[in-house]
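Biologist: I have a chain on my screen and would like to talk it through. Could you walk me around it, one topic at a time?

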Amino acid sequence: MTDERAAAQKDASDVIRSIRRIVQAMDVRSKRVARETGLTIPQIVVLNAVRDFEAATTAEISRVANISPPTTVTILEKLELRGLITRRRSTVDRRIVHTELTETGKAVLAEAPPLIHKRFFSGMAAMSTEDQASIIRAFHTVADLLEPDEPGGGTGNGPAEAGLS
């Protein structure tokens, strides 16, 4: 194995360890948010997307929340059962469903804790614009590298798939 390849594998391992730390931190935060609100982070993300659009369509919510359309529909059904949103079919196109927050939904969102620890926001705000942009680019690149090449592709769990073999 060349020194360059060994260095690349070490760097990849370091990135994977950092991702695991992020996942663990998000898991801890998710449990806290669920304890405090009775909602999952994806449910709150969907509520935020509904709030950000007037009479949001399911497609808009799915796109903004970065959640698949079928999962978005499932989340919306649960939120509707809890009385946090209302949904109504478009009078122009019956295939389109518009979603709005109820007063209860607005109140729940107003009381919900931040989805990410406040320290993250203050840390980012303290960075230069260039450093912020660099971090954003790096995360986009890592996310692109981790996305499967094709639907139903590899699991991403094996050492070879993680670039660690």
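Modeller: Happily; what follows is a short round of questions and answers on this chain. Please keep in mind that this is a predicted model, where local features need pLDDT of at least 70, side-chain atom pairs count only at pLDDT 80 or more, and totals for chains, interfaces and linings use all residues. Residues are numbered from 1 along each chain as its sequence is written, and side-chain values use heavy atoms, with hydrogens and water left out.

Biologist: Let's start with the overall layout: what pattern does the chain follow along the sequence?

Modeller: Helices (H or I, at least four residues) and strands (E, at least two) are DSSP runs, numbered from the N terminus. The chain has seven helices and three strands. Read in sequence order, the pattern is α-α-β-α-α-β-β-α-α-α.

Biologist: Which element gives the largest share of the largest nonpolar core?

Modeller: A nonpolar core is a set of buried Ala, Val, Leu, Ile, Met, Phe, Trp, Tyr and Cys residues joined through side-chain atoms within 4.5 Å; buried means under 20% relative accessible area, exposed over 50%, and partly exposed in between (1.4 Å probe, protein chains only). The largest such core has 21 residues, and Ile-44, Val-46, Leu-47, Ile-61 and Leu-79 touch the most other members. The elements that give two or more residues to this core are α2 (41-52), α3 (58-65) and α4 (69-81). The largest share, six residues, comes from α2.

Biologist: Leu-101 caught my eye; how far apart are the C-alpha atoms of Leu-101 and Leu-47?

Modeller: Leu-101 sits in strand β3 (residues 97-101) and counts as buried because its relative accessibility is 15%. Not counting residues up to four places away in sequence, Leu-101 is in contact (heavy atoms within 4.5 Å) with residues including Leu-47, Val-50 and Leu-109. Leu-101 and Leu-47 are 54 residues apart along the chain, and their C-alpha atoms are separated by 7.4 Å.

Biologist: Is Asn-66 buried or exposed?

Modeller: Asn-66 lies in the loop between α3 and α4. Its phi is near 55°, a positive value in a residue other than glycine. At 71% relative accessibility, Asn-66 counts as exposed.

Biologist: What kind of geometry does the aromatic pair have?

Modeller: Rings of Phe, Tyr and Trp (its six-membered ring) pair if their centres lie within 6.5 Å; planes under 30 degrees apart count as stacked, over 60 as edge-to-face and the rest as tilted. The structure holds one aromatic pair. Phe-120 and Phe-121 form this pair, with 5.8 Å centre to centre and 80° between the planes, and the geometry is edge-to-face.

Biologist: And why does Phe-120 count as partly exposed?

Modeller: Phe-120 is among the residues that lie nearest the centre of the largest pocket. Phe-120 counts as partly exposed because its relative accessibility is 44%.

Biologist: Which element supplies the largest share of the lining of the largest pocket?

Modeller: On a 1 Å grid over the protein atoms alone, a pocket is an open set of points where a 1.4 Å probe fits, with protein on both sides within 12 Å along at least five of seven lines; lining residues have an atom within 4 Å of a point. The largest pocket is lined by 29 residues. Each of α1 (3-37), α6 (118-126) and α7 (129-146) supplies at least two residues of that lining. The largest share, 10 residues, comes from α1.
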